Amino acid sequence: MSKRPRTFKLRALHSQDKYGVAGKNCQEVLLKGCQKFQLPISGCRLCLYEDGTELTEDYFQSLPDNTELMLLTPGQAWQGYISDIHRFLTIFYQPQADVIQAAQKLLSDERAPLRQKLLADFLHNISENIQAETREEDGPWFEGLESRFRDKSSYLRYSCESRIRSYLKEVNAHASTLDPQLRAEYLKIISQMCEKLKSVRYNGNYFDRRNKGRERLCTAEGWFSCQGPFDLDACLSKHSINPYSNRESRILFSTWNLDHKIEKKRTIVPTLTEAVAEQDGREVDWEYFYSLLFTSDNLKLVHIACHKKSSHNLNCDETRIYKPKKRVVRKRDARRRQ
């Protein structure tokens, strides 16, 4: 019984072309492939395009139709996806447009999910314009944003300020649930926090790569790293992002959270309310609560996958709820010390 011809998709190492080739055995496909790519058959061999496994006659018979193969000449090697990435890295000296075009051509007819992701991520990253800062330098980055934003850093600063303002608004809204006497004292404390936030421009420096201070949460190039869930010291998945790079990353960064380790609604605000109600002549340490609500002392920047919505079960430090009482030095004690 004669073997039926099998169809394959064939590539060659230094060619952009891909041909459909049919054959009953490995040698027949190899011969036709050499003819298509105009290569001498001596020393040529076939391997799987996916992982570089070299074909034998027995292995050939087990392959499904439309398997992608790579035709190699003597001295050439192929390791599948790893080789593809290496090829891109070694041609970075070429104009970027050529690299993008080559990757797009490969991606256009690629069906393997893993390789699709590798190519898509590659295209996404190579299309970045990280160093550009102004609207004139990188117009696509600003698509969909108000014209008042003239540079990337000012928008990212505004983005951070907006998050902090939303926390302040939420804390302030809690006053409406309190009785009038307690509400007045509570709002007095919130007013102090508000003045502090205004003086530091709502901590917008956290997202501003131009800022030279230690409070910046990104590198000078704009790279942010996930700080991990509230109950871990680091992100096990090593999430990172640069919202300064392109529009897609800017939009995706909006899904990252500034997560309160000690929770805002469940713990901080109730503790503050209780402190105001039970101060009994003591002075509430509003700066401590300010640090918990609005600063990186208690805020962690986390990828959405690292943002745990379950109860954190962390409490405020009871020793810091009220300011220490100032010791009154009596005149007689003062004279004794002299």
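1. Contact is taken here to mean heavy atoms within 4.5 Å. On that basis, the buried residues of helix H10 pack against H6, H7, strand E7 (257-260), H9 and E8. The model under review is a predicted one, and the remarks below concern its helix packing, its nonpolar cores, its aromatic pairs and two backbone angles.

2. Overall composition. The protein contains 11 helices and 8 strands. Of its 338 residues, 43% count as buried. Among contacts with a separation of 6 or more, 63% are made by residues 24 or more positions apart.

3. Helix H10. The burial of this helix deserves comment. Because 8 of the 9 residues of H10 are buried, the helix is largely enclosed by the rest of the structure. The buried residues are Trp286, Tyr288, Phe289, Tyr290, Ser291, Leu292, Leu293 and Phe294. Ser291, which is found in helix H10, has a relative accessibility of 10% and therefore counts as buried. When neighbours within four places in sequence are left aside, Ser291 is in contact with Asp297 and Asn298.

4. Helix H7, geometry and sidedness. For the 20 residues of helix H7 (residues 180-199), a rise of 1.5 Å a residue gives an expected span of 28 Å, and the end C-alpha atoms are 29 Å apart, which agrees. The buried residues of H7 are Leu182, Tyr186, Ile189, Ile190, Met193, Cys194 and Leu197. These residues cover an arc of only 150° around the axis, so they lie on the same side of H7. An α-helix has 3.6 residues a turn, and therefore residues three or four places apart point the same way. On the other side of H7, the exposed residues are Pro180, Gln181, Lys188 and Ser199.

5. Helix H7, partners. The buried residues of H7 pack against helix H6 (152-173), helix H9 (264-277) and helix H10 (286-294). Met193 may serve as an example: with residues up to four places away in sequence not counted, Met193 touches Leu272, Trp286, Phe289, Tyr290, Leu293 and Phe294.

6. Nonpolar cores. The largest nonpolar core has 53 residues, of which Met193, Phe207, Leu272, Phe289 and Phe294 touch the most other members. At least two residues of this core come from each of H6, H7, H9, H10 and strand E8 (299-302). A second, separate core comprises 17 residues, including Phe8, Cys34, Leu55 and Phe60.

7. Aromatic pair Tyr19 and Phe37. A search of the whole structure finds 15 aromatic pairs. In one of these, the ring centres of Tyr19 and Phe37 are 5.0 Å apart and the planes stand at 70°, so the pair is edge-to-face. Tyr19 belongs to strand E2 (residues 18-23), while Phe37 lies in the loop between helix H1 (26-36) and strand E3 (45-48); the pair therefore ties together parts that are 18 residues apart in sequence. With a relative accessibility of 26%, Tyr19 counts as partly exposed, whereas Phe37, with a relative accessible area of 14%, is buried.

8. Aromatic pair Phe224 and Phe253. The rings of Phe224 and Phe253 have centres 4.7 Å apart and planes at 35°, so this pair is tilted. Phe224 lies in strand E5 (residues 224-225) and Phe253 in helix H8 (residues 247-253), so the pair ties together parts that are 29 residues apart in sequence. Both Phe224 and Phe253 are buried.

9. Aromatic cluster and charges over rings. Ring pairs join Trp141, Phe142, Phe149, Tyr155 and Tyr158 into a cluster. One of these rings also has a charged partner: Arg250 lies over the face of Tyr155, at 5.7 Å from the ring centre. Elsewhere, the charged end of Arg282 sits over the ring of Tyr322, 3.9 Å from its centre.

10. Backbone angles to inspect. Most residues other than glycine have a negative phi. Gln38 has a phi near 55°, a positive value in a residue other than glycine. Gln38 lies in the loop between H1 and E3, and at 72% relative accessibility Gln38 counts as exposed. Arg201 also has a positive phi near 55° and is a residue other than glycine. Arg201 comes just after H7, in the loop between H7 and E5.

Technical notes:
Residues are numbered from 1 along each chain as its sequence is written. This is a predicted model: local features need pLDDT of at least 70, side-chain atom pairs count only at pLDDT 80 or more; totals for chains, interfaces and linings use all residues. Side-chain values use heavy atoms; hydrogens and water are left out. Helices (H or I, at least four residues) and strands (E, at least two) are DSSP runs, numbered from the N terminus. The expected span of a helix is 1.5 Å times one less than its number of residues. Buried means under 20% relative accessible area, exposed over 50%, partly exposed in between (1.4 Å probe, protein chains only). The arc is that of the directions from the helix axis to the C-beta atoms. Rings of Phe, Tyr and Trp (its six-membered ring) pair if their centres lie within 6.5 Å; planes under 30 degrees apart count as stacked, over 60 as edge-to-face and the rest as tilted. A charge sits over a ring if NZ of Lys or CZ of Arg is within 6 Å of the ring centre and within 35 degrees of the ring normal. A nonpolar core is a set of buried Ala, Val, Leu, Ile, Met, Phe, Trp, Tyr and Cys residues joined through side-chain atoms within 4.5 Å.
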